[in-house]
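Colleague: I have not seen this structure before. Please take me through it one feature at a time.

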Amino acid sequence: MAAVTAVVPPFPSPLSSREGMDGAVAVSDPRSGPLRRFPVTAVDDILKDVLGSYLREQQYEPARCRDMAKDIAEVIKARVRDLMIPR
């Protein structure tokens, strides 16, 4: 029979971890800063505002939909970008 050995990476992981007194493991990644929640409400308000202003009382015209969708997407992208949400 062949012996089974554990494979251990030669270098430590870029993530550092510590086990606390309560047994919980805290993991920190030096590449990222403090966690900030995604502003769902702000983005939802942007979507409602832009879609409402562009589509209010518009008649469906297939030829115009493609260009209008691109315009709406660009406006939404610019307004969300203005929120300066960290990646």
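**Reading the model**

Modeller: Start with a single residue: methionine 84 is exposed, with a relative accessible area of 66%. The label follows because exposed stands for over 50%. Keep in mind throughout that this is a predicted model.

Colleague: Where does methionine 84 lie?

Modeller: It lies in the segment after α2. Its phi is near 55°, a positive value in a residue other than glycine.

Colleague: Which residue after α1 has a positive phi?

Modeller: That is glutamate 57, with a phi near 60°. Glutamate 57 is not a glycine, and its place is the loop between α1 (40-55) and α2 (62-81). Is it buried or exposed? Its relative accessible area is 78%, so glutamate 57 counts as exposed.

Colleague: Let me step back to the whole chain. In what order do its elements run?

Modeller: Read from the N terminus, the order is β-β-α-α. That makes two strands and two helices.

Colleague: How many of the residues count as buried?

Modeller: Buried is the label for under 20% relative accessible area. The chain has 87 residues, and 8% of them fall in that class. Its accessible surface comes to about 8,400 Å², with 58% belonging to carbon and sulfur atoms.

Colleague: What do the contacts say about residues that are far apart in sequence?

Modeller: Take the contacts with a separation of 6 or more; residues 24 or more positions apart account for 42% of them.

Colleague: What should each helix span, given its number of residues?

Modeller: The expected span is 1.5 Å times one less than the number of residues. For α1, with 16 residues, that gives 22 Å; the end C-alpha atoms are 22 Å apart, so the two agree. For α2, with 20 residues, the expected value is 28 Å and the end C-alpha atoms are 29 Å apart, which also agrees.

Colleague: Which residues of the helices are buried?

Modeller: In α1 they are Val43, Ile46, Val50 and Gly52. In α2 they are Met68, Ile72 and Ile76.

Colleague: What do the buried residues of α2 pack against?

Modeller: They pack against α1. Seen from the other helix, the cover over the buried residues of α1 includes α2.

Colleague: Which residues does tyrosine 54 touch?

Modeller: A contact means heavy atoms within 4.5 Å. Leaving out residues up to four places away in sequence, tyrosine 54 touches Met68, Asp71, Ile72 and Val75. Tyrosine 54 itself lies in helix α1, and two of the residues it touches, Met68 and Ile72, are among the buried residues of α2.

Colleague: How far apart are tyrosine 54 and isoleucine 72?

Modeller: They are 18 residues apart in sequence and 7.3 Å apart in space, C-alpha to C-alpha. As for its surface, tyrosine 54 has a relative accessible area of 28%, so it is partly exposed.

Colleague: One last feature, the pockets. What volume does the largest pocket have?

Modeller: Its volume is about 160 Å³. The residues that line it are Lys77, Val80, Arg81, Ile85 and Arg87.

Colleague: How does that lining divide by class?

Modeller: Three of the lining residues are charged, two are nonpolar and none is polar.

Terms used
Residues numbered from 1 in each chain as written. Predicted model: local features only at pLDDT ≥ 70, side-chain atom pairs only at ≥ 80, totals over all residues. Heavy atoms only, no water. Helix = DSSP H or I, 4+ residues; strand = E, 2+ residues; numbered from the N terminus. Buried < 20%, exposed > 50% of the residue type's maximum accessible area, 1.4 Å probe, protein only. Areas by Shrake-Rupley, 256 points an atom, 1.4 Å probe, with all protein chains shown as cover. 1 Å grid on protein atoms, 1.4 Å probe; cavity = no way out; pocket = protein on both sides within 12 Å on 5 of 7 lines; lining within 4 Å. Points joined across faces, edges and corners; volume = space filled by probe spheres on them. Nonpolar A, V, L, I, M, F, W, Y, C, P; charged D, E, K, R; others polar.
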